[in-house]
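Thanks for making the time this morning. I would like to walk through one structure with you, going from ring contacts to a strand and then to the interior.

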Amino acid sequence: MSMEPSERTIVYGLVGACICGIIIVGAFLIFAGGMFSSSSGFSELYFENHQTLPAIINENDPVNFSFTVVSHNKENTDYFYEVFAGNQIIRSGSFILPQTDSSEERLQLNLNKTSIFIEGIRFRSTLIPLNELQNTQTQITEYEGTGLIQSDNENDSHILKDPSKIYYPVQLPENDETITLAFDPSINERFRKSTTRKIKIGDMNTIKIDDKATEIHGYRPSNVGYDTSETELTVSNDRGTISETENKTTIQYRYAFEKVSVNLSASPVSNPDKTSYYEIHFWVFAKDPSQQ
């Protein structure tokens, strides 16, 4: 279909306007890019051969690694680094890298970077509590009287052999066994029983970081450990009034992965107050052979 002259004029005008717009936007981007490239630059921080960094080792096995710092800054830059294992500083140092000439960056790269080798870090197996003590207390005040004990069936009661005693059933915390205590209603007396339970959690052969648990002072809890439950049961006889008190304390313990981190600060030599911060890390679990 052929266009009328008037239609062709309109189309050519639109095409010309688009071309002008592209030229203007391109010029702006070139100008803006020049502005951005004149910024102070940035630094790189990374582990060498990060694929080989250890995750699970035997206790006291030495751990070696290297990290590299590369400067892409437009002026000489002062660097300070600290290497942490958990929350302990195991090494620190400082160095200066020269400014980068962006036009010759590939040729100058060896002048603008440094690699630091860390060797012989040794780790011990670490077990940490996940929570503060959880303490619950239950107190039950029982009946006054002698010789009467109530069974599970409320309508089933009977007189024991010695009606001068108060017989009181107690469920022991360590094995859920039920025993019956005999109290003298004419005196004050007390029965006390303490027990500790330890429940194994997880399998050491499938240990890994628990994704649901948060970092605790440079450690990440794993999915393996144990839970402890400490219970103290006290039954008191106050001249015929029986009271029962149970105090229960529970703590969750987990084996932990230890954080190995490199913290780096970068400051222009001409302006030490203008500082940038970088951090990289990996996690290590040291397995005690006796944990198998």
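The charged end of Arg220 sits over the ring of Trp283, and the distance to the centre of that ring is 5.7 Å. I should say at once that this is a predicted model, so please take each value as computed from it. A second contact of this kind involves Lys198, which lies over the face of Tyr226 at 4.0 Å from the ring centre.

Turning to rings that meet other rings, the count comes to nine aromatic pairs. In one of them, Phe67 and Tyr81 have ring centres 5.4 Å apart and planes at 65°, and because an angle over 60 degrees counts as edge-to-face, that is what we call this pair. Phe67 belongs to strand 3 and Tyr81 to strand 4, residues 77–85, so the contact links distant parts of the chain, 14 residues apart. Are these two side chains buried or exposed? Phe67 has a relative accessible area of 0% and is buried, and Tyr81, at 6%, is buried as well. Both rings also belong to one aromatic cluster, which is formed by Phe67, Tyr79, Tyr81 and Phe95.

Another edge-to-face pair is made by Tyr255 and Phe285, with 6.4 Å from centre to centre and 70° between the planes. Since Tyr255 lies in strand 15 and Phe285 in strand 16, the pair ties together parts that are 30 residues apart in sequence. Both Tyr255 and Phe285 are buried.

Let me go back to strand 3, residues 63–71, which runs antiparallel to strand 1 and is joined to it by five bridges. Across this pairing, Glu44 stands opposite Val70 in strand 3. In a regular strand the side chains alternate between the two faces of the sheet. Strand 1, residues 43–47, shows such an alternation, in that Ser43, Leu45 and Phe47 point to one face and are buried, whereas Glu44 and Tyr46 point to the other and are not.

Finally, the interior: how many cavities of 30 Å³ or more does the structure hold? There is one, and its volume is about 30 Å³. Its lining consists of Phe123, Arg124, Thr126, Ala256, Glu258, Val284, Phe285 and Ala286, and the elements that give two or more residues to that lining are strand 15 (241–268) and strand 16 (276–287). Strand 16 gives the most, with three residues. By character, the lining residues divide into five nonpolar, one polar and two charged. Phe285, then, appears both in this lining and in the aromatic pair with Tyr255.

Note on methods
Residues numbered from 1 in each chain as written. Predicted model: local features only at pLDDT ≥ 70, side-chain atom pairs only at ≥ 80, totals over all residues. Heavy atoms only, no water. 1 Å grid on protein atoms, 1.4 Å probe; cavity = no way out; pocket = protein on both sides within 12 Å on 5 of 7 lines; lining within 4 Å. Points joined across faces, edges and corners; volume = space filled by probe spheres on them. Helix = DSSP H or I, 4+ residues; strand = E, 2+ residues; numbered from the N terminus. Nonpolar A, V, L, I, M, F, W, Y, C, P; charged D, E, K, R; others polar. Buried < 20%, exposed > 50% of the residue type's maximum accessible area, 1.4 Å probe, protein only. Pairing = 2+ DSSP bridges. Phe/Tyr/Trp six-rings, centres within 6.5 Å; stacked < 30°, edge-to-face > 60°. Lys NZ or Arg CZ within 6 Å of the ring centre and 35° of its normal.
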